[in-house]
Amino acid sequence: MSWQTYVDEHLMCDIDGTGHHLTAAAIIGHDGSVWAQSSKFPQLKGNEITDIMKDFDQPGHLAPTGLHIEGVKYMVIQGEPGAVIRGKKGPGGITIKKTAQALIFGIYEEPVTPGQCNLVVERLGDYLAEQGLFEYYFWKKKKMSWQAYVDDHLLCDIEGNHLSAAAIIGHDGSVWAQSSNFPQFKQEEINGIMNDFAEPGSLAPTGLYLGGTKYMVIQGEPGAVIRGKKGPGGVTVKKTNQAMIIGIYDEPMTPGQCNMVVERLGDYLIDQGL
């Protein structure tokens with residue numbers, strides 16, 4: 001996938017079906033070279049990239065002066081030292097995620113929220129960072145077990161939270177891997193999910209059932225992602241070429257966190273042809 005595609009389809013995407021988008025986005029090398037950017041991304045100055053990189057190396061460096069992008073000043077707010085820088089300017093702001101070789105930039109204005117910008121930018125940054133990890137696994141082991149994908153990636157720590165249950169299920173309903181408490185589903189439930197991927201909206205009247213539990217179907221991505229809600233919790237199902245990635249969550253995990261974990265792994269497997 002080209003770097004421009006990552007910008008166009010992942011950073012400038014419709015955020016969680018809200019119809020909202022980032023104002024501008026880019027992927028910039030640590031040396032300031034532009035790998036890809038949206039049409040409205042500002043023209044960065046050399047010293048601005050230098051200062052951003054210095055703040056990643058020496059967290060707090062930008063706090064006294066602010067973060068500058070093409071001369072526009074953002075007040076630096078709490079980020080993740082060495083990993084994420086966040087800035088605010090009026091109702092808008094910026095998020096910058098550092099990966100091994102590049103910086104992922106997202107700039108937003110209302111009605112996009114800071115949390116939505118963080119989600120989009122950090123989701124792609126985490127995915128790109130994991131590419132190196134995945135390549136290491138494939139180089140060392142030639143393949144990673146399906147159970148490892150569930151244990152290490154779907155049930156990973158997300159800001160102190162975890163999915164309640166997760167699984168990778170074949171299109172035919174065969175279990176490739178699952179967490180110990182994943183519900184015992186019925187074949188007709190899997191058939192219903194697969195039918196909704198083929199005919200989006202088919203589950204809306206009846207709801208999505210998994211292990212006998214009913215979830216109200218909410219806006220997903222037709223043919224690609226089905227999302228469901230039940231009280232404070234819910235489910236996300238991502239379809240890949242050969243399987244379905246399923247994540248179930250409850251509070252305090254948020255719908256956005258569940259979506260990020262499930263869809264990130266699903267996108268990776270699709271890129272691998274799986």
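# Two domains and what joins them

Across the interface of domain 1 and domain 2, the rule finds 1 residue pair in polar contact, both residues being at pLDDT 80 or more. The model is a predicted one. Its protein chain is assigned domain 1 (3–129) and domain 2 (146–272). The largest nonpolar core takes at least three residues from each of these domains. The points below cover the interface, the core, the salt bridges and some backbone features.

**The interface between the domains**

- On the side of domain 1 that touches domain 2, the elements giving two or more residues are α1 and α3.
- Helix α3 gives the most to that side, with 4 residues.
- The centres of domain 1 and domain 2, taken over C-alpha atoms, are separated by 29 Å.
- In terms of contacts, 8 residues of domain 1 meet 10 residues of domain 2.
- The size of an interface is often given as the accessible area lost when the parts come together.
- Here domain 1 and domain 2 bury about 800 Å² between them, and 52% of that lies on carbon and sulfur atoms.
- Three residues, D16, R123 and Y127, supply 57% of the area that domain 1 buries against domain 2, which is more than any other three residues supply.
- The rule also finds 1 salt bridge across the interface of domain 1 and domain 2.

**The largest nonpolar core**

- The largest nonpolar core has 40 residues.
- Residues with the most contacts inside this core are L11, L22, I27, L124, L154, L163 and I168.
- Helices and strands that give two or more residues to this core are α1 (3–11), β1 (24–29), β7 (102–108), α3 (114–141), α4 (146–154), β8 (165–170), β14 (243–249) and α6 (255–271).
- The core draws on both assigned domains, with at least three residues from domain 1 (3–129) and at least three from domain 2 (146–272).
- L154 can serve as an example of the contacts made by one core residue.
- Leaving aside neighbours within four places in sequence, L154 is in contact with Y149, L163, A166, A167, I168, I245, I246, V261, V262 and L265.

**Salt bridges**

- Side chains of opposite charge can pair when their charged atoms come close.
- A search of the whole structure finds 7 salt bridges.
- One of these joins D126 and R264, whose closest N and O atoms are 3.3 Å apart.
- D126 lies in helix α3 and R264 in helix α6, so this pair ties together parts that are 138 residues apart in sequence.
- D126 is partly exposed, with a relative accessible area of 21%, whereas R264 is buried, at 7%.
- Another salt bridge joins R86 and E80, with the closest N and O atoms 3.3 Å apart.
- R86 is buried, with a relative accessible area of 13%, while E80 is partly exposed, at 30%.
- R86 and E80 also belong, together with E122, to a network of salt bridges.
- R227 forms a salt bridge with E221, and the closest N and O atoms of this pair are 3.3 Å apart.
- R227 counts as buried at 5% relative accessibility, and E221 counts as partly exposed at 34%.

**Backbone features**

- Most residues other than glycine have a negative phi, and most peptide bonds are trans.
- The peptide bond from E110 to P111 is cis, with omega near 10°.
- P111 is placed in the loop between β7 and α3, and both β7 and α3 give two or more residues to the largest nonpolar core.
- The peptide bond from E251 to P252 is also cis, with omega near 10°.
- P252 is found in the loop between β14 and α6, and these two elements likewise give two or more residues to the largest nonpolar core.
- E70 is not a glycine, yet has a positive phi of about 50°.
- The loop that holds E70 runs between β3 (67–69) and β4 (72–80).
- At 40% relative accessibility, E70 counts as partly exposed.

Technical notes
Residues are numbered from 1 along each chain as its sequence is written. This is a predicted model: local features need pLDDT of at least 70, side-chain atom pairs count only at pLDDT 80 or more; totals for chains, interfaces and linings use all residues. Side-chain values use heavy atoms; hydrogens and water are left out. A nonpolar core is a set of buried Ala, Val, Leu, Ile, Met, Phe, Trp, Tyr and Cys residues joined through side-chain atoms within 4.5 Å. Buried means under 20% relative accessible area, exposed over 50%, partly exposed in between (1.4 Å probe, protein chains only). Domain bounds come from an automatic or database domain assignment. Contact means heavy atoms within 4.5 Å. Buried area is the accessible area (1.4 Å probe) that two parts lose on being put together, summed over both. A salt bridge is a side-chain nitrogen of Lys or Arg within 4 Å of a carboxyl oxygen of Asp or Glu. A polar contact is a pair of N or O atoms within 3.5 Å; within protein, one must be able to donate a hydrogen and the other to accept it, and residues adjacent in sequence count only if both atoms are side-chain atoms.
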